[in-house]
Amino acid sequence: MQPKANLEPNLSSIKHSAVNENNHQKISKFELNSIDGMDSDQVIFSSFSELELDLIYAIHRNEFELYYQPKVDTKESMIIGAEALIRWNHPKLGLLSPNDFIPLAEKIGFINNIGKWVKKTACAQNKAWQDANLPAIPVSINLSASRFMETDLVSSTRETLEQTKLEAQYLEIEITETSIMKNEEIVFYQLDELKKLGIKIALDDFGTGYSSLSHLHHFNGKIDILKIDRSFIKDLSITKQEDANFIVHMILQLSNHLKMDVIAEGVETMEQLKVLQNYNCNTVQGFLYSKPLPAKQFAEILNKQRIEPIR
Ligand code: C2E
Ligand code: MG
Ligand code: MG
């Protein structure tokens, strides 16, 4: 079963950005009227490119899909969580990865609609797995920086948990360091409120932000999990003391001191895994165990609970 959130497009933010952007294709009053929730009396003078228009209709046309990638405890070879990663089944262009359309969605002001869809779908899916007696694990979703500027972030998250009947401990939120830097005060306030609901917060792509290590103590009490970026993991070596070895080791020691959990992202080889285990990092995510999978396939591996590296 693959529950999908049924969110009607809310074009108010898009209308706003449309007026401010110089796009290429006129969006007619007729087209706008065909989208639920549009104010039919409003004339839009601006326009969208074809792909932008497709994006606006994608939720309605059921074209988005969440893939799930396991997070693995390497000591026990157990699946202990998953990350939900969005894909767009574009009718003409095929399967698009988030890097192909998330920046576009951010540009046209549609990212929050997508964010709400992702949250609802991931929560409903996780509850469905639990109801099917699969092992209960937290599922994380990625949150864009702009979502933190929305006043309804906390209330809509609370509502989603209530509607889907998922306990808050089974939802995690991943944010990037750069999102925090953009508006630290508001983001920290929102994170505190989300944590009060019982949701865990992970800092994604850690190490790629401009002030990472010196800023880490700033996140004390706000961030539960650090995800070490793949760019460091890929350079780990078992024979040589590469810079990456030193940095990863230091991140692990610091996070241990600050009582944050750590996940190594993008683990692809046994060598990387061994180095991480030598540094006592036992939670990993990466192609070595599994690529992100459609919900049905992920349910099959979750059902087994144990997962071995693909050698
Ligand atoms: P991310 O959150 O850092 O997600 C991890 C990315 O690394 C995913 O790419 C995943 O497929 C990829 N990955 C995992 N293990 C490996 C590995 O071993 N090797 C390599 N080469 N790659 C690996 P994906 O799914 O293309 O997502 C890219 C980015 O798009 C994500 O990076 C995240 O920032 C963003 N994204 C994904 N889903 C969403 C979403 O629902 N909302 C928002 N706002 N952003 C999303
Ligand atoms: Mg992520
Ligand atoms: Mg990441």
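Which residue does E83 stand opposite in β6? That spot is taken by S140. This is a predicted model, with 13 helices and 12 strands in the protein. Of its 311 residues, 41% are buried. If you take the contacts between residues at least 6 apart in sequence, 69% of them join residues at least 24 apart.

**Around ligand 1**

- There are 22 residues around ligand 1, and the ones that come nearest are L85, I86, P98, G286 and F287.
- Four elements each give two or more residues to this shell: the strands β4 (78-90), β6 (139-142) and β8 (200-206), plus the helix α4 (98-108).
- Helix α4 supplies the largest share of the shell, with 3 residues.
- Sorted by class, the shell around ligand 1 comes out at 9 nonpolar, 8 polar and 5 charged residues.

**Strand β4 and its partners**

- One of the shell elements, β4 (78-90), pairs with strand β3 (residues 64-73), and the two run antiparallel with 10 bridges between them.
- Within that pairing, V72 has I79 of β4 as its bridge partner.
- β3 and β4 form a hairpin with 4 residues between the strands, and S77 in this hairpin takes a positive phi near 55°.
- β4 also pairs with strand β5 (residues 94-96), again in the antiparallel sense, over 3 bridges.
- In this second pairing, H90 sits opposite G94 of β5.
- The link from β4 to β5 is a hairpin too, running through 3 residues.
- With β6, the pairing of β4 is parallel and has 2 bridges; here you'll find E83 opposite S140, the pair from the opening question.

**Strand β10 and its neighbours**

- Of the 5 residues in β10, 4 are buried, so the rest of the structure largely encloses this strand.
- Strand β9 (residues 225-228) runs parallel to β10, and 4 bridges join the two.
- For a concrete handle on that pairing, look at K227, whose bridge partner in β10 is I263.
- β10 pairs with β11 as well, in the parallel sense, over 2 bridges.
- Here the partner of E265 is Q285 in β11.
- Put β10, α12 and β11 together and you get a right-handed β-α-β unit.

**Helix α12**

- Helix α12 covers residues 270-278, and its buried residues are Q272, L273, V275 and L276.
- Why do these residues end up on the same side of α12? They cover an arc of only 165° around the axis, and that puts them on one and the same side of the helix.
- The cover over the buried residues of α12 includes two helices, α10 (230-233) and α11 (243-257), and two strands, β10 (261-265) and β11 (283-285).
- So β10 and β11 turn up twice for α12: they help cover its buried residues, and they make the right-handed β-α-β unit with it.
- Just after α12 comes N280, which takes a positive phi of about 65°.

Conventions
Residues numbered from 1 in each chain as written. Chains lettered and ligands numbered in written order. Predicted model: local features only at pLDDT ≥ 70, side-chain atom pairs only at ≥ 80, totals over all residues. Near = placed C-beta within 6 Å. Nonpolar A, V, L, I, M, F, W, Y, C, P; charged D, E, K, R; others polar. Buried ≥ 20, exposed ≤ 12 C-beta atoms within 10 Å, placed from the backbone. Arc of directions from axis to C-beta. Contact = placed C-beta atoms within 7 Å. Pairing = 2+ DSSP bridges. Right-handed = clockwise from strand over helix to strand, strands pointing away.
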